[in-house]
Amino acid sequence: MKQLSCYIHIPFCDHKCIYCDFYSIVTYDNTESYFNCLKSEIDNHVQDLHGEHEISTIFFGGGTPSFVDPKYIEDVLNHLRKCLIFAEDVEITLETNPGTVDKVKMNEFKFAGINRVSVGIQSFNEKELKFLTRIHDKQTAIRTVEDVVAIGLDNVGIDLIFNLPGQTKEVWAKNLMEAFNLPVKHISAYSLILERGTILNKMVLDGKVELQDDDYDADLYEFTIDRMTQNGFDQYEVSNFCKPGFECRHNLAYWQHREYLGLGTSAHSFSGNKRWWNYSSLKMYLESVKAKGNAVRNREELSYRELLDEYIMLNLRGPGLDLTELSYKYGNSWEEINKSYLSSLLIDGFITRNNNFIKFTKRGYALCDEILTNFS
């Protein structure tokens, strides 16, 4: 039976942060119609799945999924259960923002089936939170995590952003210590990325905000890895760290190049050698699903070489590359062609090799994009 991961995009949001480039809308007018279309989309895609599939992970992202009434999340999960088999240990994650839930609402999400929570804190520094235009403060962030754990959901992760304009290493270190003092099992630490179309991008272009340079960013990144390791968090992907055994299994599905089904506005799917993606516009999504049962905007077929390159890139950026599995899937020509380069990376301390398993070191993760472009 094939393992299948499912991503469900909830676009509704109370506020658009200046750095966010994910599709979101600040309105709730079409909530019920949207969730009805999600169920129609599930029905449509189930017909296209070849062979038996078992859902191993589900991830509600956004937008801000925790803004909606838990009954909608429960309804979609119940519909999925009717259409597909759930693994006994299925991981079901809900993205939430501080200030959007209390214990009562979080308990309703738990009853609906949520067993993992990802809290978008981004910073514990009040000045940085204001710059990022977040709707919460430090104490609300701390209380949200504590409330989630108090109702029995102990698989909790948080998101943080480093290298904000003017951010010192001392401020970032305090952010990390605040995180380590919380009962969290997973921390995603992302460098601030300037995305086209965001408010922040316009602020930079207009000269209102100045970003810090790449060398400083790299220094903060290596500092982050050191502090995470010292505090019991293992690095299993470029930006993700966890207590042993608490990797986000949904993230791993992407990094290990496994099949996933995307539902909702702007969602992407991947199966076999095919990829397809949905309309981003809520209006176009609703119209398309009502007309033909799905909201697929475009599709593409990946060549053997494209699949191989993706497999290498994703696994190395993620938990590591198993050369035995690579050989089984794609043959051993890649290893032979890159034998000399792999040896130099090993000697220079950019990778480690344990039998047939290759993984980036701290230095390797810091330069992974450059290293990956040099493979043949």
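**Exercise 1. Check the length of helix H8 in this predicted model, then work out what surrounds it.**

*Solution.* Start with the count: H8 covers residues 214-230, which makes 17 residues. With 1.5 Å for each residue, and one fewer step than there are residues, the helix should span 24 Å. Now look at the two end C-alpha atoms: they sit 24 Å apart, so expectation and model agree.

Next, the ends. Asp213 caps the N-terminal end, with a side-chain oxygen 3.2 Å from the backbone nitrogen of Asp215. After the helix comes Gly232, and its phi is positive, near 85°.

Then find the covered residues. Asp217, Leu220, Tyr221, Phe223, Thr224, Ile225 and Met228 are buried. An α-helix has 3.6 residues a turn, so residues three or four places apart point the same way. Finally, see what the buried residues of H8 pack against: the partners include helix H6 (169-180), strand S5 (156-162), strand S6 (186-191) and helix H15 (362-366).

**Exercise 2. How many residues of strand S2 are buried, and which strands pair with S2?**

*Solution.* First, cover: S2 runs through residues 53-62, and 10 of its 10 residues are buried. Second, one partner: S1 (residues 2-10) runs parallel to S2, joined by nine bridges. You can spot this pairing where Gln3 stands opposite Glu54. Third, another partner: S3 (residues 85-96) is also parallel to S2, over six bridges. Here, look for Thr57 opposite Glu91.

**Exercise 3. Pick out Ile58 and list what it touches beyond its sequence neighbours.**

*Solution.* Skip everything within four places in sequence, and Ile58 is in contact with Cys6, Ile8, Leu77, Leu80, Phe86, Glu91, Ile92, Thr93 and His250. Now zoom out to the largest nonpolar core, which has 94 residues. Ile58 is among the members that touch the most others, along with Ile8, Phe35, Phe60 and Ile158. There's also a second, separate core of seven residues, including Phe59, Tyr236, Cys248 and Ala267. As background, in soluble globular proteins nonpolar side chains tend to be buried together.

**Exercise 4. Explain why S13 and S14 each have one side without a neighbour in their sheet.**

*Solution.* Write down the order first: S13-S15-S14, an open sheet with antiparallel pairing. S13 (321-322) and S14 (351-354) stand at the edges with a single partner strand each, so one side of each has no neighbour in the sheet. For a closer look, take S14 and S15 (residues 357-360): four bridges join them, and Arg353 faces Ile358 across the pair.

**Exercise 5. Inspect the backbone at Gly63, Gln122 and Asn355.**

*Solution.* Keep the usual pattern in mind: most residues other than glycine have a negative phi, and most peptide bonds are trans.

- The bond from Gly62 to Gly63 is cis, with omega near 25°. Gly63 is in the loop between S2 and helix H2 (70-83).
- Gln122 isn't a glycine, yet its phi is positive, about 75°. Gln122 belongs to strand S4 (residues 116-122) and is buried, at 8% relative accessible area.
- Asn355 isn't a glycine either, and its phi is about 55°, again positive. Asn355 lies in the loop between S14 and S15 and is exposed at 66% relative accessibility, since the cut-off is over 50%.

**Exercise 6. Which element has the lowest mean pLDDT, and which the highest?**

*Solution.* Begin with the whole chain: the mean pLDDT is 91, and 94% of residues reach 70 or more. Then go element by element: helix H7 (residues 199-205) is lowest at 67, while S8 is highest at 98. Where pLDDT is low, the predicted coordinates shouldn't be read in detail.

Conventions: Residues are numbered from 1 along each chain as its sequence is written. This is a predicted model: local features need pLDDT of at least 70, side-chain atom pairs count only at pLDDT 80 or more; totals for chains, interfaces and linings use all residues. Side-chain values use heavy atoms; hydrogens and water are left out. Buried means under 20% relative accessible area, exposed over 50%, partly exposed in between (1.4 Å probe, protein chains only). Contact means heavy atoms within 4.5 Å. A polar contact is a pair of N or O atoms within 3.5 Å; within protein, one must be able to donate a hydrogen and the other to accept it, and residues adjacent in sequence count only if both atoms are side-chain atoms. A nonpolar core is a set of buried Ala, Val, Leu, Ile, Met, Phe, Trp, Tyr and Cys residues joined through side-chain atoms within 4.5 Å. pLDDT is the predictor's confidence in each residue, from 0 to 100. Two strands pair if DSSP finds at least two bridges between them.
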